[in-house]
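Q: Could you take a close look with me at one part of this model, and then set it in the context of the whole chain?

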Amino acid sequence: MSMNELEAKVAELRELRRMADELAAEITTAEDELKAYMTANNADELHGPNFKITWREVTSSRLDSKALKAAAPELCARFTKQTTTRRFIIA
């Protein structure tokens with residue numbers, strides 16, 4: 001790719017990311033409106049001819065690695081696995 005093609009591709013990617021951010025904000029707004037409706041109607045489930053919406057509390061159990069590291073650092077070290085990834089950043 002030439003420098004001009006790279007500049008154009010970066011500009012395109014920045015615009016697409018901006019559009020994705022706008023869409024994400026619109027999605028969040030629509031979800032919040034539906035959640036507000038469900039809260040106002042004390043509903044954790046809604047049904048329609050073409051949809052089913054559920055919004056319920058979910059309980060999960062997760063390992064508190066910070067507490068484990070403080071309480072048993074040697075045990076934490078034994079079961080800690082490092083991974084390597086590549087990060088793509090445009091500045």
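How many helices and strands are there in the chain? And please look closely at N42: where is N42 found, and is N42 buried or exposed?

A: Happy to walk through it with you. Keep in mind that this is a predicted model. The chain has three helices and two strands, and reading along the sequence gives the order α-β-β-α-α. With a radius of gyration of 23 Å, well over the 12 Å that the globule rule gives for 91 residues, the chain is more spread out than a compact globule. Its C-alpha trace spans about 55 × 50 × 20 Å along the principal axes.

Now to the part you asked about. Helix α1 covers residues 3-40. Its 38 residues, at 1.5 Å each, should span 56 Å, and the C-alpha atoms at its ends are 55 Å apart, which agrees. Just after α1 comes N42, in the loop that leads from α1 to β1 (45-48).

The backbone of N42 deserves a pause. Most residues other than glycine have a negative phi. N42 is not a glycine, yet its phi is positive, near 50 degrees. As for its surroundings, N42 has a relative accessibility of 74%; exposed means over 50%, so N42 counts as exposed.

Back to the whole chain, then. Buried residues make up 4% of the 91 residues. The chain exposes about 8900 Å², and carbon and sulfur atoms supply 54% of that area. Among contacts between residues at least 6 apart in sequence, 23% join residues at least 24 apart. Finally, the chain carries 14 positive and 15 negative charges, and the mean positions of the two groups are 11 Å apart.

Terms used:
Residues are numbered from 1 along each chain as its sequence is written. This is a predicted model: local features need pLDDT of at least 70, side-chain atom pairs count only at pLDDT 80 or more; totals for chains, interfaces and linings use all residues. Side-chain values use heavy atoms; hydrogens and water are left out. Helices (H or I, at least four residues) and strands (E, at least two) are DSSP runs, numbered from the N terminus. The expected span of a helix is 1.5 Å times one less than its number of residues. The radius of gyration is taken over C-alpha atoms; the globule rule is 2.2 Å times the number of residues to the power 0.38. Buried means under 20% relative accessible area, exposed over 50%, partly exposed in between (1.4 Å probe, protein chains only). Contact means heavy atoms within 4.5 Å. Accessible areas come from the Shrake-Rupley method with a 1.4 Å probe; for residues, only the protein chains shown count as cover. Lys and Arg count as positive and Asp and Glu as negative; His and the chain ends are not counted. The place of a charge is taken as NZ of Lys, CZ of Arg, CG of Asp or CD of Glu.
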